[in-house]
Amino acid sequence: MKAWFFGSGNFAALCFREIAGSVPFERVITLPPTIAGRGKHLQPTPLDLQAQILDFDPLHSEKPSSDPVLLHDLENDPPDLALVVDFSRLIKEPLLNGPRFGCFNIHPSLLPAYRGAAPIQRALMDGRTITGVTLFRLVQTMDAGPVVAQATTPIGRDATAGELTENLALIGSQIFLKSLECICGGYAEYIAQNEGEATFAPKLDKGEERICWGEPSDRLHNRVRALNPSPGAYCMDSGKRLKIWRTVPIEGISALPGTIAGFQEGFPVVACASGALVLLEVQQEGRKPSKGDDWCRGSRVKEGDILE
């Protein structure tokens with residue numbers, strides 16, 4: 001079987017790592033490197049880096065559906081199947097239906113729920129306790145194609161986006177590999193999505209990174225884990241950013257939101273609109289992440305101090 005793989009982000013890299021040993025991808029297509037970081041260096045996509053580790057030579061393409069190299073191959077030596085994962089570009093004709101069996105996508109949600117760019121983060125922010133992965137065939141409308149297979153998994157109360165991404169990539173890769181025989185044998189079942197049940201997961205906005213202590217502790221806890229490992233939730237401490245990586249929500253605290261209301265085994269307890277957050281792991285601006293109790297000792301945090 002001739003297959004192509006399209007992807008860019010971390011979820012794509014994790015899926016590729018699991019699948020590449022079983023599927024001989026003839027082409028791996030990703031976005032070009034972008035300028036990033038303080039040094040303004042060119043940064044390859046996570047898929048680019050993973051493909052190189054596995055001795056693939058990725059093709060960089062901003063507009064794959066009109067890329068002359070891909071169109072030439074599509075006409076002269078087309079793939080049987082294309083797998084598109086976390087690519088951030090729409091696949092259009094003639095590429096959409098160019099492969100013999102079509103283009104497929106592994107999406108980290110139970111479609112039609114959480115269509116869009118940030119399904120894992122949005123599910124965590126919403127406090128969901130169950131999510132899953134969907135394998136579907138691509139159509140022109142984003143994440144709306146017929147479903148081939150789905151698998152569900154529970155979400156732990158303290159699971160982060162990074163941890164859930166790893167888990168869903170493994171599950172998604174497994175259901176893709178299990179579905180290959182049905183797809184290539186022509187007897188896969190394609191189930192239309194219920195458009196009336198569709199929900200959406202728009203990409204994250206920078207404004208969502210800022211912690212507002214005037215919200216309930218459960219909601220803030222969900223936001224913190226949804227933004228871990230990137231880009232991270234933060235508040236302000238003495239005019240500098242304090243990123244908050246891990247927390248535990250607790251009840252029974254009544255104080256002005258943002259106030260250090262006490263300590264739990266040395267870890268600071270910050271009052272919220274209802275309940276409070278125990279800060280387990282934080283990161284001061286310009287420093288490495290540290291345990292919340294170490295930060296308290298180093299910064300001489302005391303009860304009554306206020307985080308903005």
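Trainee: Which residue in β5 does I29 stand opposite?

Mentor: Bear in mind that this is a predicted model. Strands β2 and β5 run parallel and are joined by 2 bridges. β5 covers residues 59-60. Within it, the residue opposite I29 is L59.

Trainee: Where else does L59 appear?

Mentor: The largest nonpolar core has 60 residues. Apart from it lies another core, of 17 residues. Among its members are F6, L74, V84 and also L59, so called by the rule that a core joins buried residues of certain types through side-chain atoms within 4.5 Å. L59 therefore appears in that core of 17 residues.

Trainee: Which helix gives the largest share of the 60-residue core?

Mentor: Residues with the most contacts inside that core include F25, W213 and F176. The largest share amounts to 9 residues. They come from the helix spanning residues 161-185, α5.

Trainee: What does F176 touch, leaving out residues up to four places away in sequence?

Mentor: F176 is one of the residues with the most contacts inside the largest core. Its partners beyond four places are I19, V23, L81, L83, I106 and L135.

Trainee: Which hand does the crossover from β1 to β2 have?

Mentor: β1 and β2 pair in the parallel sense over 4 bridges. W4 stands opposite R27 in β2. Between the two strands the chain passes through helix α1, residues 10-19. This β-α-β crossover is right-handed.

Trainee: How many helices and strands does the protein have?

Mentor: The protein has 308 residues, and buried ones make up 50% of them. The count of elements is 7 helices and 15 strands.

Technical notes:
Residues numbered from 1 in each chain as written. Predicted model: local features only at pLDDT ≥ 70, side-chain atom pairs only at ≥ 80, totals over all residues. Heavy atoms only, no water. Buried < 20%, exposed > 50% of the residue type's maximum accessible area, 1.4 Å probe, protein only. Contact = heavy atoms within 4.5 Å. Pairing = 2+ DSSP bridges. Right-handed = clockwise from strand over helix to strand, strands pointing away.
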